[in-house]
Amino acid sequence: MPELPEVETVRRGLEKHIKNRVIVDIELRRDNLRFPFPDKFEKTLSGKKIIKIERRAKYLLIRLSGGKTWLCHLGMTGRWTLIGDGKKGVPGRFIHGAEIGSGSGPHDWVVIYLDDGGKGVYSDHRRFGIMDVFETEEQETHKLLKDIGPEPMPGSLTPEILSNNLRKRRIPIKNALLDQKIVAGLGNIYVCEILNRAGISPKIKAESLVLKKGISKRIEKIVFEIHSVMIEAIDAGGSTLQDFRGVDGDDALGYFPNSFVVYGREGQGCKKKSCNGTIKRIVQSNRSTFFCPKCQK
Ligand SMILES: [Zn+2]
C-alpha cells in the first residue's frame, strides 16, 4: 500500500511532468473504482488546465482551471504512469511496471490525453483507489478531507497539537499514531520506526504521555522523530523515482527498507547503539508491531 512518502513522490513526479498541461480528453474504462466515478466526471475534466498538484494526507489534489480540484487516492494498488508522445522526449515514464500502465494493460482504468501529445494512465489492480472532483473552495467541508488531522510535517504537526490530540485517549500510542484524526498519513511501518527511534513503548497509553500543563519530553521526542522519518522517507523516495516497482503494490514496503530499524526484524538484535535487546513482534488492532522491549519503555 502506498504510504504518505510514496504518495508525495507520485505528487512530485506528476507536478514535474503534467503541471500546466491541458487535459484534452479523458477515457474511463469502468464505472467505478472503490466508489462510482462522479457524475459528468469526464466532461468536468476535459479542457481543464492542470494548475498544480498538491497533497493532503494520502490524497492527491490536482488543482484545475475553473476552480475545480480532482481528488485521487491510490488505495492499495493505484499507480500513475506518464507516457510521452515519443517525439518530444517528454515527459516519459516515471513510474513503470510491465504491462500495467502502458495504456492498454488489463488494469488501466483511467487515461488522460494531454495537449503535448503525452498521456497519463491510472492503473489499479485491486481497485481500492478513489477519484472525485469538487469545487476547490469547498475543500474544508469535503467528506473525505474534513476530519483529517495535521500533516506529519514541520509547520503542521507541533508537540502542542499532538499533546492536545492525545489527551484522554486511553489507547496504546501505537494505535493513536495510526488514527488519521490524530495525525495524518502515518502508516504501520513508519509508526514502528518512529516509536523505536523515540524510545517509547508501543503499548503505553497515549494519555499517559500528556501532562496537565506544558508538553512532555516524550511527546517532543515523538514529534521530532515523526518529522525526521517522514523527511528521510520522502528524500529516499525522490531518489528512486525512476525505479518505483512493486507493481501489485502489496510489496511496497516503504522507501527505506534496508534501513528499517525494527520493522520485519523479529528475533534480531536491536540496531540502537548501546542496546543489546531483541526485536519482538506483537499484534495491536490486527496490525503487527515490531519493537525493542529493552530500549522502548
Ligand atoms: Zn533496543
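**Exercise 1.** Across which strands does helix 1 lie, and at about what angle does helix 1 run to strand 2?

*Solution.* The model is predicted: local features need pLDDT of at least 70, side-chain atom pairs count only at pLDDT 80 or more, and totals for chains, interfaces and linings use all residues. Residues are numbered from 1 along each chain as its sequence is written.
- Take helix 1, residues 4-18; helices (H or I, at least four residues) and strands (E, at least two) are DSSP runs, numbered from the N terminus.
- Helix 1 lies across strand 2 and strand 3.
- Helix 1 runs at about 175 degrees to strand 2. Axes are lines fitted to C-alpha atoms, for helices over the stretch in contact (C-beta atoms, placed from the backbone, within 7 Å), and angles run from 0 to 180 degrees between N-to-C directions.

**Exercise 2.** Work out the strand order of the open sheet, and its edges.

*Solution.*
- The order is 2-3-4-8, with antiparallel pairing (at least two DSSP bridges between two strands).
- Strand 2 (50-56) and strand 8 (130-135) each have a single partner strand, so one side of each lacks a neighbour in the sheet.
- From one strand to the next, the twist averages 20 degrees.
- Strand 3 (residues 59-64) and strand 4 (residues 68-73) are joined by 6 bridges. Arg63 has Thr69 in strand 4 as its bridge partner.

**Exercise 3.** Is Gly120 buried or exposed?

*Solution.*
- Locate Gly120 in strand 7 (residues 119-124).
- Apply the cut-offs: buried means 20 or more other C-beta atoms within 10 Å, exposed 12 or fewer, partly exposed in between, with C-beta atoms placed from the backbone.
- Gly120 is buried because it has 23 C-beta neighbours inside 10 Å.
- Not counting residues up to four places away in sequence, Gly120 touches residues including Trp80 and Leu82.
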